[in-house]
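Student: Please take a close look at the charged side chains that pair with one another, and at the parts of the fold that surround them. I should like each term to be explained when it is used.

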Amino acid sequence: NRASKILEWRDEQGPFTNRQQLKLIKGIGDKTYEQCVGFVRVVPETIPDVRSNTKNKKTGKNPKKSKIPIETEFNILDQTVIHPESYAIAEKLVLMSKLDIKDLGTLQFINRIGDFVDQQGLENLCEQLQTTKAILKQICEGLQKPPDHDIRSELSQPLFRREIMNLNDLKVGTILTGRVQNVTHFGTFVDLGVGTDGLIYSNKLTSSNPQIGDRVEVKVINVEVERKRIGLALVRLI
């Protein structure tokens, strides 16, 4: 599967230095990249090792050059929950706050972002930055966490249904509870405890805007076992 291919690429080429390198992996096209990149974190501590060893670990050869223009320099936002499509907005918010993105994770940076957003108001900033509340909240969350923050440390376990253990157990119309794992412009990914995250498309969110870590009740509206895809509609926030 794609997760295995990501691990294989890392074993052969060394740690990732930029999220865009996911595009170099066979089987990860633009759509898959868009959906999975928000779950990937680049740990900067590994980068010196990468720069000192440019050869393939297994073959001893230099990595193959890609025809796709891929950014390989480390981007400090690659270690946050912020989706790459929102980087420009995040960087603009940092400038508006009169901060330097290089100070991401420091107490002064975290406090200043929070104070600035409180002073300006979410709706006002959404209008200035031409974005939605859901995306802006995710950006603010990413900018107000230490770079090494692992959201899993904050989460209690959602109430999964014991009789539903995998994709084959799911039926259209089933009501489940889960935990929001990621939020993107096209929808919200939810951990249902079946090994594959379900996706609530933006047009199925009604008036609610779940955030990462929220517990939610959802309804299954589509299941594609072979493609490992689960379509969901939000019932309510728990």
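Tutor: The answer below begins with the basis of the values, then treats the charged pairs, the strands, a covered helix and the cysteines.

This is a predicted model, in which local features need pLDDT of at least 70 and side-chain atom pairs count only at pLDDT 80 or more, while totals for chains, interfaces and linings use all residues. Residues are numbered from 1 along each chain as its sequence is written, and side-chain values use heavy atoms, with hydrogens and water left out.

Side chains of opposite charge can pair when their charged atoms come close. A salt bridge is counted here when a side-chain nitrogen of Lys or Arg lies within 4 Å of a carboxyl oxygen of Asp or Glu. Searching the whole structure gives four salt bridges. One of them joins Lys-31 to Glu-34, with 3.6 Å between the closest N and O atoms. These two residues are separated by about one helical turn, because they stand three residues apart in helix H2 (residues 30-36). Helices (H or I, at least four residues) and strands (E, at least two) are DSSP runs, numbered from the N terminus. Lys-31 is partly exposed at 48% relative accessibility, whereas Glu-34 is buried at 13%. In these terms, buried means under 20% relative accessible area, exposed means over 50%, and partly exposed lies in between (1.4 Å probe, protein chains only).

Another salt bridge pairs Arg-236 with Glu-217, whose closest N and O atoms are 3.3 Å apart. This pair links distant parts of the chain, 19 residues apart, since Arg-236 belongs to strand E5 (residues 229-237) and Glu-217 to strand E4 (residues 215-224). Arg-236 is partly exposed at 43%, but Glu-217 is buried at 17%. Arg-227 and Glu-224 also meet in a salt bridge, at 3.2 Å from N to O. Arg-227 is partly exposed at 48%, and Glu-224 counts as partly exposed at 25%.

The strands E4 and E5 belong to a closed barrel of five strands, which runs E1-E2-E3-E5-E4 with mixed pairing. Neighbouring strands of this sheet are turned by 55° against each other on average, direction ignored. Such axes are lines fitted to C-alpha atoms, for helices over the stretch in contact, and angles run from 0 to 180 degrees between N-to-C directions. Two strands pair if DSSP finds at least two bridges between them. Strand E3 (residues 198-201) and E5 run parallel and are joined by two bridges; Leu-199 stands opposite Gly-231 in E5.

Strand E1 (175-183) is also among the elements that cover the buried residues of helix H7, together with helices H4 (87-96), H5 (107-120) and H6 (122-129). Contact here means heavy atoms within 4.5 Å. H7 (residues 133-143) is mostly covered, with nine of its 11 residues buried; these include Ile-135, Cys-140 and Glu-141.

Cys-140 leads to a last point. A disulfide is a covalent bond between the sulfur atoms of two cysteines, and the cut-off used for a pair of cysteine sulfur atoms is within 2.5 Å. The structure holds zero disulfides. The sulfur of Cys-126 has its closest cysteine sulfur in Cys-140, and the two do not bond because 8.5 Å is too far. Cys-126 is buried at 9%, and Cys-140 is buried at 6%.
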